[in-house]
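The following report addresses aromatic contacts, surface character and helix geometry in a single chain. Please consult the sequence and the coordinates alongside the text.

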Amino acid sequence: MLLAVGEGAVEKKRGARGAEDFKIREALIRADFWLLWVVNFLGVGAGVTVLNNLAQIGVAFGLEDTTILLTLFSFCNFVGRLGSGSISEHFVRSSHYLNIKY
């Protein structure tokens, strides 16, 4: 690791605009933390439930080999997560779409 020498050579990193740092106890009493936690829990729970029962769902629809169904679901899950993350980063980093004045 290289160290910068001299006064003012190292600038303090600024966080994201509008971001706040909380200790764990402070976060646990905030409503937005619990809202995000519940939404994440329900979303992950629904996805895991579907993935766990996908073979049985395929058999119920008359498929003999559910391997292709599971592979297709997993691939679309991967592409969806990667695509939504990329799109989200594009809009977050774009100052054209994000004009927040503080």
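The count of aromatic pairs comes to 3, where rings of Phe, Tyr and Trp (its six-membered ring) pair if their centres lie within 6.5 Å, and planes under 30 degrees apart count as stacked, over 60 as edge-to-face and the rest as tilted. Two of these pairs are set out below.

| Pair | Centre to centre | Angle between planes | Class |
|---|---|---|---|
| Trp-34 and Trp-37 | 5.9 Å | 70° | edge-to-face |
| Trp-37 and Phe-41 | 5.3 Å | 5° | stacked |

The model is predicted: local features need pLDDT of at least 70, side-chain atom pairs count only at pLDDT 80 or more, and totals for chains, interfaces and linings use all residues. Residues are numbered from 1 along each chain as its sequence is written, and side-chain values use heavy atoms, with hydrogens and water left out.

Trp-34 and Trp-37 both belong to helix 2 and are 3 residues apart, about one turn of the helix; helices here are DSSP runs (H or I, at least four residues), numbered from the N terminus. Trp-37 and Phe-41, also both in helix 2, are 4 residues apart, again about one turn. Ring pairs link Phe-33, Trp-34, Trp-37 and Phe-41 into a cluster.

Accessibility is classed as buried under 20% relative accessible area, exposed over 50% and partly exposed in between (1.4 Å probe, protein chains only). Trp-34 counts as partly exposed because its relative accessibility is 39%, and Trp-37 is likewise partly exposed at 43%. Phe-41, at 53%, counts as exposed.

These three residues also belong to a nonpolar surface patch, together with Ile-24, Leu-28, Val-38 and Leu-42. The patch has about 730 Å² of accessible area, by the Shrake-Rupley method with a 1.4 Å probe. Nonpolar patch members have over 30% relative accessible area and no salt bridge, and their side chains are joined within 5 Å; a salt bridge is a side-chain nitrogen of Lys or Arg within 4 Å of a carboxyl oxygen of Asp or Glu. Helix 1 (24-28) and helix 2 each supply at least two residues, with helix 2 giving the most, 5 residues.

Helix 2 bends by about 55° at Leu-54, the angle between axes fitted to the seven residues ending there and the seven starting there. Just after helix 2, Gly-62 adopts a positive phi of about 95°.

Overall, the chain has 3 helices and 0 strands. Of its 102 residues, 5% are buried. The accessible surface is about 9,700 Å², with 64% belonging to carbon and sulfur atoms.

Notes:
Patch = residues over 30% accessible without salt bridge, like charges linked within 9 Å, V, L, I, M, F, W, Y side chains within 5 Å.
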